[in-house]
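Colleague: Could you take me through this model and tell me how each label is earned? I'd like to see the values set against the definitions.

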Amino acid sequence: MSQNILVAVAWPYASGSLHLGHLAGAYLPADIFARYHRLVGNKVLMVSGSDGHGTPITVRADQEGVSPQEIVDRYHPEILGYWDSVGISFDLFTTTLTENHRQVTWDIFRAHRAKGTIVEGESLQFYDPEAERFLPDRYVEGTCPHCGYPTARGDQCDNCGRTLDPTDLLNPRSRLSGATPVQRSTKHWFLRLGAFAGEVKAWLESKTGWRRHVKNWALGMIEEGLPDRAITRDLTWGVPIPPEADTLGEGKRIYVWFEAVIGYLSAAKEWAALQGTPEAWRDWWQNPDAKSYYFVGKDNIPFHAVIWPAMLMGYGEHNLPSDVPANQYVTFKGSKASKSLGVGRSIGWYSERLEPDALRFAIASILPEQNDTDLTDDEIIRRINEELVATWGNLVNRVLTITSRNFDHQVPEPGSLDKVDEEVIATVDTALTAVGELISEVELRGGLRTAMEAASAVNVYLNSTEPWKLLKSDRDRAATVLYTACAAISGLAVAFTPYLPFTSPRIAEMLGTGPGDEWSRPKLTPGRELGEIAPLFEKISDDILNEDA
RNA sequence: GGCGGCGUAGCUCAGUCGGUGAGAGCGCUCGACUCAUAAUCGAGAGGUCGGCAGUUCGAGUCUGCCCGCCGCUACCA
């Protein structure tokens, strides 16, 4: 019974390098989840892309004196490189700069406008009379009214951290020209979110199995009231307003927060078109049995658990999110990783120094599913050496080495299985089922831990049966034990596959069980020639993550 | 300020609807083993579950207050 599963992953700004927080928050969990569902035979569509619009990109472009397009052209390929290097298996990772995305955005805009849930409105905005431009809040700077910091931004003071409104600033000035900005009225299109409050609330309340912080946050947001939100800005970089609605004056664009979430739908359509099956996206968006999972960081909860559902409700005939398993943050020595603050090195920096599965393991074992989780380089190294290499890598290596050397490089012919043999196999099979259930529930850290516990159980089995002694006293029994151990690790390899997609298939190669293409313990053929035996992982040195190492 | 989350062994974290003596991994101590990447296995030490008060036959788990940390606060997404 195959199911269609949409794996929708947060769209990173193409304005800088991504760090391990991004990997842990959204991309790795999404990938583990997607790989699992592919293995069990579900039809997975995993999409995302670079967000090519938004303030961070224009800020960066202005700083460097280049066009926003150049910024996107620089960082989008870098981001694609990350996915390649750590095995994040997108079906499509596009950008928001495509013609397709524009059309889909317009579709949704028009549907809401026809229903009267997108309406015209006016707001006051700072305007730079010299540059002749409206200014986003962060383009206004001035003295913080709270702490006196002279270069506070319009949205926040970097010195005391307080949230500000640009009108709060003393001596406001434009960051573009230094001129004193003036308030000027400007027309915009507004999304009447409040019109969907009741429907979204009822929908949220019907959801079970969602993470507590996600549901509470979303409900709390509705409780506070959902005001109309301007979905256009006075900008020249962004998705244009549909021509028939572009009547508010010059220099208006649809703003990112409205348009970026639409990327999930437009990416699905783009993927379908690229496959030569332009209607195929409907299998994930309009089939009522399809499921959709949105992997985002907790800062994105409002957009995915409230605003995007409201947008879809207004659009109609498209599936709402099945779950938004938002993760909390990874902190580095207590501080939030942040592109703008420069805390946390890039994914690329780590992937150059660590094997992809080792990095994936370290991150997967600390996924911040319940709480913010602190991570240090020492912790990464420790997880790899003390857990991945010692427990799992060594288990595979010890079993295959002793088997290969003593049974002519073949899978041994077992006698009848004793109770202990059947028990260890049952432990592995039970763990395999449990890991699958945990991944389905997006309890990915728990799934990995369950697999590791089963690996420990196999180590215990070996220490109690002592096949290295049996080889001298009872060779037939040794064959049975080693056959059992081989069967156990072949089953465990399946459980590890979503987490460790680079090394897990090598176990099937070494045991000759063929490509694992389902979520069950592969059949092991006695007498079958083994592949070349080599350790799955290297132990790494303590200083591999030192700056100058 | 408002909202959300969190504060459990040295470290990173689990603890479902309140209920047998509070858990895991790593680290540490002692022991076993030697097939294996000085890997593995066993035993043990180690916590007044942030604080105070309350509800209850019974609270890490519920309520109130306090202390501390993190995030968001909608023109960052």
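Colleague: What makes you say that β6 and β8 are joined?

Modeller: Two strands pair if DSSP finds at least two bridges between them, and strand β6 (residues 140-143) has 3 bridges to strand β8 (residues 170-174), running antiparallel. T143 stands opposite L170 in β8, and V140 is opposite S174. The names come from DSSP runs numbered from the N terminus: helices are H or I with at least four residues, strands are E with at least two.

Before we go on, this is a predicted model, where local features need pLDDT of at least 70 and side-chain atom pairs count only at pLDDT 80 or more, while totals for chains, interfaces and linings use all residues. Residues are numbered from 1 along each chain as its sequence is written, chains are lettered from A and ligands numbered from 1 in the order in which they are written, and side-chain values use heavy atoms, leaving out hydrogens and water.

Colleague: How do you know that β7 pairs with β6?

Modeller: β7 (residues 152-153) and β6 share 2 bridges in the antiparallel sense, which satisfies the pairing rule. G142 stands opposite A152 there. The open sheet has 3 strands in the order β7-β6-β8, and β7 and β8 are its edge strands, as each pairs on one side only.

Colleague: What makes a residue count as near RNA strand B, and which are closest?

Modeller: One of its heavy atoms must lie within 4 Å of the strand. By that test 62 residues surround RNA strand B, the closest being Y13, D137, V256, T373 and K539. Of the RNA atoms within 4 Å of the protein, 72% belong to sugar or phosphate and the rest to bases.

Colleague: How do you know that N216 and R405 make polar contacts with a phosphate oxygen?

Modeller: A polar contact is a pair of N or O atoms within 3.5 Å; within protein, one must be able to donate a hydrogen and the other to accept it, and residues adjacent in sequence count only if both atoms are side-chain atoms. A polar side-chain atom of N216 is 2.7 Å from a phosphate oxygen of RNA strand B, and one of R405 is 2.8 Å from a phosphate oxygen, so both pass the cut-off. R445 has a polar side-chain atom 2.4 Å from a sugar or linking oxygen.

Colleague: Which helix gives the most to that surface, and why does its span agree with expectation?

Modeller: α13 does, with 14 residues. The expected span is 1.5 Å times one less than the number of residues; the 30 residues of α13 should therefore span 44 Å, and the end C-alpha atoms are 40 Å apart, which agrees. α13 also has a kink of about 45° centred on V389, the bend being the angle between axes fitted to the seven residues ending there and the seven starting there.

Colleague: Why is N319 called buried?

Modeller: Buried means under 20% relative accessible area, exposed over 50%, partly exposed in between (1.4 Å probe, protein chains only). N319 has 14%, so N319 is buried. N319 sits in the loop between α10 (301-315) and β14 (330-332), and its side chain reaches the backbone oxygen of N287 at 2.9 Å.
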